[in-house]
Amino acid sequence: MDYFGRTAKLVNRGSRATVSVRRNFSRAGAIVKDDNPERNGGKKYRQLGFCLLSIILCAPVQAEGIGGISATASPTATSSGSVSNQAVQILQGTAVTNSYGGQIQCQGPTLTTTGYVNRAKSFGLPYEPFYWDPVYDLSDLDEDGLLDNPGDVLFFKKTRTGQKDNHNWNVGLSIQATIPLDGGLQERCKTAVDTQLKLQQQVLANRRLDFEVSRLKHCGELMLKGIRFAPKSPFAKVCADVKINYPTPHTHPISVVPAAASSAAKKTQP
């Protein structure tokens, strides 16, 4: 009996000759047992199938020798891959601008050609040209299907790894063409360029004329004063084409009239 006056009844479950000490409380409800033989049988069959599958997968495999003496186990793992990179180079930038003075600048069609040569080298580290491959003892002299000396290594053989460096050469040519869409602007710009060139040529001709006139003036003045370059001087040719025309001396007869006669002549005139 507990604190609340409830009593406990000992119930013999008949399990391994033990006695339960739990209270058997009277509760509302019914005890339902899951005694479905079909479902329980399916569960047992599934467990049996899993056990058989585990035995099959975990069964040991024995390597048989060549001629019943020995064989070499040489596991090899090969991995290969290929990567192709294709790139297009776009040269960004403004078109070539030509300046002709007078704040005249023109941009025309532009063709840009760029050649390139690339070389790439790839290698693996650490570099291992070969490795030692163990040769196991697979002899079965008594022919009982079991190895006489399992796990024993007879010798090691030298096997090449095939590791090598890779070289790659890329040669290409990049061409970019830039063409203005408005052809009228190009024509007007060319007309402005032609006019600007004519103005520059006229300015050059005026400067040339001023130089020649100044040279003629200074050379003439110096020649009149008797000053000139020596014949062997490198600057003698500066005034070599300048000539001076001296005035030819000439005389004119002059008639002299006395003053008295001129006065009488004026009085007789009406």
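A disulfide is taken here as a pair of cysteine sulfur atoms within 2.5 Å. The structure is a predicted model, in which local features need pLDDT of at least 70 and side-chain atom pairs count only at pLDDT 80 or more, whereas totals for chains, interfaces and linings use all residues. Residues are numbered from 1 along each chain as its sequence is written, and side-chain values use heavy atoms, with hydrogens and water left out.

**Figure 1. Overview of the chain and its elements.** The chain contains 3 helices and 6 strands; helices (H or I, at least four residues) and strands (E, at least two) are DSSP runs, numbered from the N terminus. Read from the N terminus, the order of elements is α-β-β-β-β-β-β-α-α. Of the 270 residues in the chain, 11% are buried, where buried means under 20% relative accessible area, exposed over 50%, and partly exposed in between (1.4 Å probe, protein chains only). The accessible surface of the chain amounts to about 24800 Å², and carbon and sulfur atoms contribute 57% of it. Accessible areas come from the Shrake-Rupley method with a 1.4 Å probe; for residues, only the protein chains shown count as cover. Among contacts (heavy atoms within 4.5 Å) with a separation of 6 or more, 61% are between residues 24 or more positions apart.

**Figure 2. The disulfide between Cys106 and Cys189.** A search of the whole structure finds 2 disulfides, one of which joins Cys106 to Cys189 with an S to S distance of 1.4 Å. This pair links distant parts of the chain, since Cys106 belongs to strand 2 (residues 105-107) and Cys189 to helix 2 (residues 183-224), 83 residues apart. The torsion about the S-S bond of Cys106 and Cys189 is about -90°, and the disulfide is therefore left-handed. Cys106 is buried, at a relative accessible area of 9%, and Cys189 is buried as well, at 15%.

**Figure 3. The disulfide between Cys219 and Cys239.** Here Cys219 is joined to Cys239, with an S to S distance of 1.8 Å. Cys219 lies in helix 2 and Cys239 in the loop between helix 2 and helix 3 (259-268), so the pair ties together parts that are 20 residues apart in sequence. Because the torsion about the S-S bond of Cys219 and Cys239 is about -65°, this disulfide is left-handed. Cys219 is buried, with a relative accessible area of 4%, and Cys239 is buried, with a value of 14%. With bonded cysteines counted along the chain, the disulfides follow the pattern 1-2, 3-4.

**Figure 4. Surroundings of Gln196 in helix 2**. Gln196 is buried, and its relative accessible area is 17%. When residues up to four places away in sequence are not counted, Gln196 touches Tyr100, Gly101, Gly102 and Ile104. Helix 2 also holds Cys219, one partner of the disulfide with Cys239.

**Figure 5. Surroundings of Pro129 in the loop between strand 3 (110-122) and strand 4 (130-136)**. Pro129 is partly exposed, with a relative accessible area of 35%. Residues up to four places away in sequence being left out, Pro129 touches Thr159, Arg160, Thr161 and Gly162. Pro129 and Thr159 are 30 residues apart along the chain, and their C-alpha atoms are separated by 8.7 Å.
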